[in-house]
Every structure is written in C-alpha cells, then in structure tokens.
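Here is a short report on one protein model. Take a look at the fold before reading on.

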Amino acid sequence: MTDYDAILFDNDGVLVEPPSRETLREAARTAFEAVGVDDADERHVEDVMYGVTPELLGRVCDHYGLDRAAFWEARDRRAAAAQRTEFREGERDRYDDVAALADLDHDFGVVSSNQHLTIEFVVEFFGFEELFDTYYGRELTVESVRRKKPNPHYLERALADLDTESALFVGDSESDVEAADRAGLDSAFVRRSHRADLELSVDPTYEVEDLWGVAEIAGRT
C-alpha cells in the first residue's frame, strides 16, 4: 500500500451527480442557434454535447462554416449555465458519501473535464471551500479540449499546487484511470449505479462502490 499525501477527485459522478444527457443536448442545440445555425443536424448536436475531441469539433464546425473558438465558447457557456440551473432547482445534488472525507488527514483537490465555471460553482454551492485545497476544470477554449482527461494536464497542475507527487486519483471513467496512469498516480474507480455495466479496458489500482471505500483505502495506507 502507498502512503498518499493527497487525494484528487473527478467531479461529475464522483462528488456530485452527473448532468443529464438532455441538459447537455439542449445546451449544445442552443449553442448552434446562438451562432446562427437554427437547424443543426441531430447527429452534430450529439457530437458536441459530450466527449467531443478537437478533431470532431473541427469537422462539425467546418460543416457549417463556423469559427471553432466562438462556437465552443457558446457551447461551454450554455452547458455551464444549464448545469447551474440543475443544481439550483434540485434536479442534481452532491453525493451523501462526500461526508466520508471529513476524517481523512489528506490534502484534497478536484480535477474535472467539465468547465472551470461549473467546478467553481459546485465548490461554492455545496460549501466545499474548506474541503478542497485546489480545483480545476477546463477553460472555455478549444485548446482546453486537448487538455481534458486522459491528458494529465490538469492533474499535473493540481499536483504542483499541492506540492506532491504522492496522490490517489478517484474517478468514474476510463479516461480518469488513463489520466492517473499518465500522471504516474494510483487510481480508484468508483463504480456507482450509473457505471454498473461499464467495462474498462484499463485496470485501476482499486475499485470501490463509493467514497466510503476510498476513505477505507486512504485510512489504512
């Protein structure tokens, strides 16, 4: 077992419930409308609502003759605004087992592929300021799409903030496990109900059902 100085967490599906697909779909659809495309193909809406790559974004924007930077900022701002509404209206919440972290003597950070605007809101809305020492999401730029996980860019920034290389990264996706590997970190995959049937092609260091499982790992290292 490794004695970790810090624990880093993905946000959506780990600390808070993930956004609904319909919320992300509507944000993508209205982003097209904001840049003058009122009849975007539903396949292109799906392409940019979740898991978009720079290459895919480029093909979609080229199809409509759109400026990539302007469209992506429109998409991200609408996605962030829609997610704030989900939280404020009680459609989305934190997980109760975040309480498991209270008794751990570690530095904590958040590293998400969601917008930094959204992560800032989550930290303030749920009173996480005292819990997390650093947190990162993506800037509203095309370049940030290249930096999202499994790229370890934001993980490495969080590690630098905490002045440690001995950390555990907790996530709920294959890209989280891959990002941890690339950063030289151990990983804990949280198999919540929305990941019950997910088959990973990479092996996390640990697999747990919830954050109580993470606390058990950290408490016995």
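Leaving aside neighbours within four places in sequence, which residues is Thr118 in contact with? The contacts are Ala80 and Gln83. This is a predicted model, and every value below is computed from it.

**Thr118 and helix H4**

Thr118 belongs to helix H5, which covers residues 116-125. Its relative accessibility is 1%, so Thr118 counts as buried. The cut-off for that label is under 20%.

Both contact partners of Thr118, Ala80 and Gln83, appear among the buried residues of H4. Helix H4 spans residues 68-88. The buried set on H4 also includes Phe71, Trp72, Ala74, Arg75, Asp76, Ala79, Glu86 and Phe87. Charged residues are thus named next to aromatic ones in that set: Arg75, Asp76 and Glu86 beside Phe71, Trp72 and Phe87.

H4 has 21 residues. From its first C-alpha to its last it reaches 30 Å, close to the 30 Å expected at 1.5 Å a residue. At the start of H4, a side-chain oxygen of Asp67 comes to within 3.2 Å of the backbone nitrogen of Ala69. Just after H4, Gly90 takes a positive phi of about 75°.

Glu73 also sits in H4. Is Glu73 buried or partly exposed? Its relative accessibility is 32%, so Glu73 counts as partly exposed. Glu73 and Arg146 are 73 residues apart in sequence, and their C-alpha atoms are 15 Å apart in space.

**Helix H3**

Helix H3 runs over residues 54-64. Its buried residues are Pro54, Leu56, Leu57, Gly58, Val60 and Cys61. Their cover includes H4, along with helix H1 (21-34), helix H2 (42-49) and helix H6 (142-147). After H3 comes Gly65, with a positive phi near 70°.

**The sheet**

What is the strand order of the sheet? The order is E3-E2-E1-E4-E5-E6, in an open sheet of 6 strands with parallel pairing. Strand E3 (134-138) and strand E6 (206-208) are the edge strands, and each pairs on one side only. From one strand to the next, the twist averages 20°.

Helix H7 (residues 153-162) packs on this sheet. H7 touches E1, E2, E3 and strand E4 (167-171). The direction of H7 makes about 160° with that of E3.

The table lists four strand pairs, with one bridge partnership for each.

| Strand pair | Sense | Bridges | Example partners |
|---|---|---|---|
| E1 and E2 | parallel | 4 bridges | Leu8 and Gly109 |
| E1 and E4 | parallel | 4 bridges | Ala6 and Ala167 |
| E4 and E5 | parallel | 4 bridges | Gly171 and Phe189 |
| E2 and E3 | parallel | 4 bridges | Val110 and Tyr135 |

Strand E1 covers residues 6-9 and strand E2 residues 107-115. Strand E5 covers residues 186-190.

**The E3 side**

E3 is an edge strand. Why is E3 described as largely enclosed by the rest of the structure? Because 4 of its 5 residues are buried. The chain crosses from E2 through H5 to E3, and this β-α-β crossover is right-handed. H5 is also the helix that holds Thr118.

**The E4 side**

E4 is mostly covered, with 5 of its 5 residues buried. Ala167, Phe169 and Gly171 point one way from E4. Leu168 and Val170 point the other way. E4, helix H8 (residues 174-182) and E5 make a right-handed β-α-β unit.

Ser173 lies in the loop between E4 and H8. At 13% relative accessibility, Ser173 counts as buried. The Ser173 side chain makes a polar contact of 3.0 Å with the side chain of Ser175. Leaving aside neighbours within four places in sequence, Ser173 is in contact with Phe189, Arg195 and Leu200. Of these, Phe189 is the residue in E5 that stands opposite Gly171.

How values were computed
Residues numbered from 1 in each chain as written. Predicted model: local features only at pLDDT ≥ 70, side-chain atom pairs only at ≥ 80, totals over all residues. Heavy atoms only, no water. Pairing = 2+ DSSP bridges. Helix = DSSP H or I, 4+ residues; strand = E, 2+ residues; numbered from the N terminus. Axes fitted to C-alpha atoms, helices over the stretch in contact; angles between N-to-C directions. Contact = heavy atoms within 4.5 Å. Buried < 20%, exposed > 50% of the residue type's maximum accessible area, 1.4 Å probe, protein only. Right-handed = clockwise from strand over helix to strand, strands pointing away. Expected span 1.5 Å × (residues − 1). Polar contact = N/O pair within 3.5 Å; in protein donor to acceptor, adjacent residues only side chain to side chain.
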